[in-house]
Amino acid sequence: MKRILGALVFLAACSADPMPPPDPQDVNLDPPVSGQGFQLKVPTFQVGAGQEIQNCYFFAVPGTPGQDVWVSHYDIAQTVGSHHMNLFRVKTVKNLGGQPGDMVTNGECFISSNWSDWPLVVNSQQSSTTDWKLPDGVGARFQPGELLMLQTHFVNATTQVTPGGAKVFVNLYTLKAAPPNELGTLFATNQNIRVCPGDTNKTFTKGCKFPSTSGLHVVAANGHFHSRGVRFDMSAVDAMGKVGQQFYVSTTWDDPPMLRDFDIPLSAGGGVQWTCDFSVPATTCGDPTDSCCFKFGGKVETQEHCNAFVYYWPKSQDVNCF
């Protein structure tokens, strides 16, 4: 595994022209060695001043038909300006779809109902890198030919800046044999949010339950909101909705941490509860037709999110709560 920030090339002694310094905004990620995994790569694209670009790319999982592909390690690299990268398994196709190699820009790629039953694979908002090895004995299972959608969102406006070309790499490192436990995921949104100029620490809370199965373990999580967000926290809840151990807190909207390497047991029928707090400067405006309030939506400049991403084992089923 090798990351290269910029490109450093040594010239022969006879060269008279010095090489320019490496671009600190650039990022590259070598693909896995043959037989040890595969890479999903987004070609470089530009984000003009004042723009938000959200692209949906479609990929097929490589492999031998009839043989499961098990992944135990994700390595993600993104250039500065990334607002998020979400990788989903394509299920019910509504108004967004494609074949391997296809791309959709903005439009239906911004409408979350299009992927309301598409299971999460992995996500990251962080620029630079996210390098995550799953717990020992746990792997994510794929089928050769399975269709995946990689969604990337870059912003070059007042809230975030994309100073160079936008690029994304996702390496999926594979196992030679099936592990004893399969990774499952939960992707959930709270779409009933509305915060208005002058609101301070306005709070929204929502819960999402896992299947009624005992012995589940939450092992990683992260949260996502936009620039009005001031605090995001997540806790375990039991089947009756009683709040238990808190396992995630973030106060950073533009580079929230992906917390991992913990183990939170869940009771049968339990799930997670997450809370988003928002504060809105009195001088800003989201929707001018609704008192300049900021409501649920993917546009960073004028809308807000309150999304939870949770990873657990052993998988009973992937969970989406919209």
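Okay, so by class, the second largest cavity in this predicted model is lined by 6 nonpolar, 1 polar and 3 charged residues. Nonpolar here covers Ala, Val, Leu, Ile, Met, Phe, Trp, Tyr, Cys and Pro, charged is Asp, Glu, Lys and Arg, and the others, Gly among them, go down as polar.

Quick housekeeping: residues count from 1 along each chain as its sequence is written. It's a predicted model, so local features need pLDDT of at least 70 and side-chain atom pairs 80 or more, while totals for chains, interfaces and linings use all residues, and side-chain values use heavy atoms, with hydrogens and water left out.

What do I call a cavity? On a 1 Å grid over the protein atoms alone, it's a set of points where a 1.4 Å probe fits but cannot get out, and lining residues have an atom within 4 Å of a point. Points join across faces, edges and corners, and the volume is the space filled by probe spheres set on them.

Back to that second one: about 40 Å³. Its lining includes Arg-89, Lys-315 and Asp-318, along with Tyr-74 and Phe-142. β8 and β10 (138-142) each supply at least two of the lining residues; strands are DSSP E runs of at least two residues, numbered from the N terminus.

The whole-structure search gives 2 cavities of 30 Å³ or more. The largest holds about 50 Å³, and its lining has 3 nonpolar, 8 polar and no charged residues. Among them are His-84, Asn-86, Ser-124, His-224 and Phe-309. β6 (82-89), β8 (120-124) and β17 (216-224) each give two or more residues there, and β17 gives the most, with 3.

Definitions and conventions:
1 Å grid on protein atoms, 1.4 Å probe; cavity = no way out; pocket = protein on both sides within 12 Å on 5 of 7 lines; lining within 4 Å. Helix = DSSP H or I, 4+ residues; strand = E, 2+ residues; numbered from the N terminus.
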